[in-house]
Amino acid sequence: MSTVSIEPLLHHCRRGNSRHRSASSSKLIKLSYLSAFPKKVEELRGRSFCNFRRPTPLTLRASSADAAVAATFESTKPFFKQTFPLERTELVEGKIYVRLDHGKNDRNWTLTVGCTLPGKWVLHWGVSHVDDDVVSEWEQPPEEMRPPGSIPIKDYAIDTPLTKLSSAVGGDNSQEVKIDFNLDGAIAAINFILKDEETGACYQHRGRDFKVPLVGYLQEEKGNVVGAKKGLGMLPEISNSQEKDSGGESRGTKEQTRSLEGFYEELPIAKEIAVVNSVTVSVRKCPETAKNLLYLETDLLNHVVVHWGVCKDDSKRWEVPAAPHPPETVVFKDKALRTRLQQKEGGNGCWGLFTLEEGPAGFLFVFKLNESTWLKCKGNDFYIPLSSANKLPAVAKDDHSEGDKVDERSEEEIEESSFTEFTNGIINEIRTLVSGISSEKSRKTTSKEAQESILQEIEKLAAEAYSIFRSNVPTFTEETTLESEELTPSVKISSGTGTGFEVLCQGFNWESHKSGRWYMELKSKAAELSSLGFTVIWLPPPTDSVSPEGYMPTDLYNLNSRYGTMDELKETVREFHKVGIKVLGDAVLNHRCAQYQNKNGVWNIFGGRLNWDDRAVVADDPHFQGRGNKSSGDSFHAAPNIDHSQDFVRKDIKEWLCWLRHEIGYDGWRLDFVRGFWGGYVKDYMDASEPYFAVGEYWDSLSYTYGEMDHNQDAHRQRIIDWINATSGAAGAFDVTTKGILHAALERCEYWRLSDQKGKPPGVVGWWPSRAVTFIENHDTGSTQGHWRFPRDKEIQGYAYTLTHPGTPAVFYDHIFSHYRSEIAGLISLRNRNKINCRSIVKITKAERDVYAAIIDKKVAMKIGPGHYEPPNGDQKWSKSLEGRDYKVWELAA
């Protein structure tokens, strides 16, 4: 056997693209979220954990025949060569550890909190004090307790970043923080939670804040106490210096000597991370034999099996190719082959070399990592053309791979001419239909102007369908009516999406529950909000809840909450209806807090009118021992995740939603944490409750490279659109993509981010505007939490964007009643008088480093950013209407 080098073929440099990184990039997380820090916090600070390797020379142990093949590779230019990303998620397990150690003397101690999982971990912590035997809630610790880098959070807590340890000490990913304190103060306990700032997820202890008690009677608390089982805690003792009265009771200052024991405790933690590898495929033609020589190289590690075959034509039907086949190849069901790829030297990837006879049109393959993990090309089989005359690679339907779900989506790229012809055909058919209808006597009352207006709207829908037509086409219908003379805000377009002219007000913030009478306070502002131009208001969760904010519901029919009573809620809804504002209820359908424990002591038995048992809880919720089916979405670990596949669950939820519609008067829904269950169930609930307007909170991580937000966020907005599509368009979704991109663009003065590669708005509003609810801030990101607060002093630039662009804009309560009030009112007024709606047409005229500008519906021009822009004054004359710090808006002059 001879050693043959084929380095020129086998070691082409990987593209300098962050999308090609090894099992490392954290985007999604499965952790407990807490009520005080809701489920989602912006991923803006996300970081990638990359393992980027320089290619190393590879040698093959080859026969003389193989040597000839290698020589051919070195001398022949490939007619096809492309690198594809391989994306999947992996569940990584680790631990949180808490340790209490002696300091320099008996009065000094050190609390250590650490985590062994990758992430940007932050300890959010505070202390409880003893004051006249009363233990306070969270308070900020004294200055001397705060480790370096700590940041005060309002007046109740501290954020301290964990520090990465050397691999020799704690492993590659271990991080920890140390808090030094002494027992001379009146501190009763140290409270904390752990946050991963890459995802915004927070980890609690059994659904509650961690508590390290420093006085004995706090040991009696159960559930969230750390260290008590190890003897942690102090028994308060009266010192000899204290005076006692005749009854033996101490009086004066209650100085205490304390006896404290150290401990070490570990808690399991799991995190789902996104893993992005790559595969490069090149094909050369052997000049002597006319055979195709296909080389496949990937940075996947360990034992990788490629499941492959060939196809004769564009039907892409799998067939077994003629021999010879590579080593370690077996036939699978007479329809495909399986080949174990060869390990590269150094173990940093795998490769395979395939000799293919002339004749087949393409090479099909998928990767099989294990019995449950298959890697495809955006949900479909990889297709590699075996002739330079064939079209560019596409994806194919796979009838042969086992253990995975076949994805029936269309190819990512459809030729523009064919789709244009398709949409033109639809428009022509609609024209014929409308003409036919208008000629009937029953339609004589419909004016020609009304018909033309409807026709224009249909054409907009066709254009919108074209703009979003991608790898999986959202299937939705827009129902137009012939009930009015022209398209006005009173025309219903589609169930759950309002008129298209809505302006949404979020009618609360994170602190609203504290007054105990929020409904009444909001009722008093109904006329004012109507005068500002709002048409819809979103109220907080109405149900009795473990958390005061309402996002941990218990008895769904108990509507006496921290915001007010059920009667006050009804009264508030009626008041908003009087002033012409629709009302959305905040429906938490993904999870529900149980009122009773099962025989194992697990809280999964529900009370109240919907007295479900553990069959209503998904089986794969790791904390609550459900007997339902597996979850159809992501887990929310702080409460039992409800199994919506159960008939009795869906029946009860539909009855509850309909009860809320009729009893309370809600007009629609804001749906919380919809990532937790399949969008098809949402369609079922929308069909039953028939909302005027509905919007889901599908909060997902944006894409980052080495901590920098990627320009291309197509994958992010596609996931949101996939969810909307699963609901059959019965609900819209908050445009988190637009929020994130606006945030980055304004914060960094990178306004070029506001145009995608095709010159369209880069968020959901650029692909499916009628289902995009745009926003810049809400109760989670802003308010007193400030987890992903919009860049300060640039909020009005954000509203100058959302209130002039398509989609349904939402305005945060705190911004309405602030110094931005008059500017927001001016933008809403401009939007309404120009009839800008959720389907308005945007033409981006400038997207540069320091300025973004666009013209909307050919009658409104706007710019944001410090850079200069003036709309073109040709046949059209523009009049400046609004101007403020780094923004201007013009209207078409009459």
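**Exercise 1.** Decide whether T160 is buried or exposed, and find which side chains its own side chain meets in polar contacts.

*Solution.* T160 has a relative accessible area of 0% and is therefore buried, where buried means under 20%, exposed over 50% and partly exposed in between, with a 1.4 Å probe and protein chains only. This is a predicted model, in which local features need pLDDT of at least 70 and side-chain atom pairs count only at pLDDT 80 or more, while totals for chains, interfaces and linings use all residues. Residues are numbered from 1 along each chain as its sequence is written, and side-chain values use heavy atoms, with hydrogens and water left out.

Next, the side chain of T160 makes a polar contact of 2.7 Å with the side chain of S150, and another polar contact, of 3.0 Å, joins T160 to the side chain of W125. A polar contact is a pair of N or O atoms within 3.5 Å; within protein, one must be able to donate a hydrogen and the other to accept it, and residues adjacent in sequence count only if both atoms are side-chain atoms.

**Exercise 2.** Determine how many disulfides the whole structure has, and whether C350 and C838 are buried or exposed.

*Solution.* A disulfide is counted when a pair of cysteine sulfur atoms lies within 2.5 Å, and a search of the whole structure finds zero of them. Turning to the two cysteines, C350 counts as buried because its relative accessibility is 0%, and C838, with a relative accessible area of 2%, is buried as well.
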